[in-house]
Amino acid sequence: MRRIISVLSFTFLSVFIHLVQAAPLPVVASFSILGDVTKQIGGDRIQVSTLIGADQDTHMYQLLSKDLRQMRSAKLILLNGYGLESLSLQRAAEQSHVPVIYAVQGIQPQVLNDGNHKHDHQHKYDPHVWNDPVLMHTYARNIANALIKIDPAGKAYYQSRLANYEQRLNQLHQWAAKAFAAIPASKRKVLTGHDAFGYMAKRYQITFIAPQGVSADAEPSARQVASIINQIRNQNIKAVFVENIKNPKMIQRISKETGIKISGQLYSDALSKGAPAATYLDMFRSNVSALSAAMK
Ligand SMILES: [Zn+2]
């Protein structure tokens, strides 16, 4: 009898705990990097769905009807901003009646003066802020503040996870700065597929050359390719990378014509499904390791 009672009370206790612990809040993030940072800060209190997954290209993404349903049933929608997401995705988010925040808010943007964008008649900001871990402090704080706003009871929880994450961002930056400082300035030159590393370039004084511009919707002309090949030869560039989200054809062609072998793959705008770039911190670490090894 006693045993039955204790089993019963245990069952009641579990049910009670379950009722007190609210179900995780559904949150939608536009792409994998933002989704991961949100998970790191939100922990068990939220359930993050990512619209544009690992190894997918946000610049080229077409909105699906399942995305609309997902956004409408969320408590919060997180977008990167500075033009990373298509206008249709931004509009759908704004019209969903769910709070929307832009993670880049408050980050000083770099203005693009890319040849591919001359016809636009307006300034375009570079959306790839995640390639500088120093800027990611603001990004992470924006996410934490948005979570606190929709879930004030979790304030202390989110703040403590944010503090922990910021410490890891600090360590990541210190480590990257040291790795790049070991390479002579004249050797800090890299060829990549598209122009995703402007913020990293500025932070660590690296020159990136990218035949495909920022969004890679325009293929470079034969003349542009010839000029890049000249640049590689004249400047003695040894670090040549393909990207996880881009077709490697252009880089392969340049590599073939210059006789420079491809150094590896960078994770520019999306995480990988497993190792080596399953989280933002791992992604950045993997890129810095690959870049510094190739530039030496
Ligand atoms: Zn990009």
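At what angle do helix 2 and helix 5 pack, and how far apart are their axes? In this predicted model, helix 2 (residues 32-42) packs against helix 5 (residues 136-150) at an angle of about 55°, and the two axes are 10 Å apart. Helix 2 is therefore oblique to helix 5, since an angle counts as roughly parallel only under 35 degrees and as roughly perpendicular from 65 to 115. The crossing of helix 2 over helix 5 is right-handed. On the side of helix 2, the contact is made by Val37, Thr38, Ile41 and Gly42. These residues meet Tyr139, Ala140, Ile143, Ala144 and Leu147 of helix 5. Of the residues in this contact, seven are nonpolar, two are polar and none is charged.

The chain as a whole contains ten helices and ten strands. It has 296 residues, of which 41% count as buried. Among the contacts between residues at least 6 apart in sequence, 60% join residues that are at least 24 apart.

Strands of a sheet pair through backbone hydrogen bonds, in either a parallel or an antiparallel sense. One open sheet of the model consists of four strands in the order 2-1-3-4, with parallel pairing. Strand 2 (46-52) and strand 4 are at the edges and have a single partner strand each, so one side of each has no neighbour in the sheet. From one strand to the next, the twist averages 25°.

The pairings within this sheet can be described in turn. Strand 1 and strand 2 are parallel and are paired over six bridges; in this pairing, Ala29 stands opposite Thr50 of strand 2. Strand 1 (residues 25-31) is also joined to strand 3 by three bridges, again in the parallel sense. Here Val27 has Leu76 of strand 3 as its bridge partner. Strand 3 is in turn linked to strand 4 (residues 100-102) by three bridges, and these strands run parallel. The bridge partner of Ile77 in strand 4 is Val100.

In a regular strand, the side chains alternate between the two faces of the sheet. Strand 3 (residues 76-79) has Leu76 and Leu78 pointing one way and Ile77 and Leu79 pointing the other way. All of these residues are buried.

Two helices are described on this sheet. Helix 2 lies across strand 1, strand 2 and strand 3, and runs at about 150° to strand 1. Helix 4 (residues 87-94) packs on the sheet as well, where it touches strand 1, strand 3 and strand 4. The direction of helix 4 makes about 155° with that of strand 3.

Another open sheet has four strands in the order 8-7-9-10, and its pairing is parallel. Its edge strands are strand 8 (207-209) and strand 10 (264-266), each of which pairs on one side only. Neighbouring strands of this sheet are turned against each other by 40° on average, with direction ignored. Strand 9 (residues 239-243) pairs with strand 10 over three bridges in the parallel sense, and Val242 stands opposite Gln265 of strand 10. Helix 10 (residues 280-295) lies across strand 7 (189-191), strand 9 and strand 10. The angle between helix 10 and strand 10 is about 140°.

Methods
Residues numbered from 1 in each chain as written. Predicted model: local features only at pLDDT ≥ 70, side-chain atom pairs only at ≥ 80, totals over all residues. Axes fitted to C-alpha atoms, helices over the stretch in contact; angles between N-to-C directions. Helix = DSSP H or I, 4+ residues; strand = E, 2+ residues; numbered from the N terminus. Parallel < 35°, antiparallel > 145°, perpendicular 65-115°, else oblique. Left-handed = near helix turned anticlockwise from the far one by under 90°. Contact = placed C-beta atoms within 7 Å. Nonpolar A, V, L, I, M, F, W, Y, C, P; charged D, E, K, R; others polar. Pairing = 2+ DSSP bridges. Buried ≥ 20, exposed ≤ 12 C-beta atoms within 10 Å, placed from the backbone.
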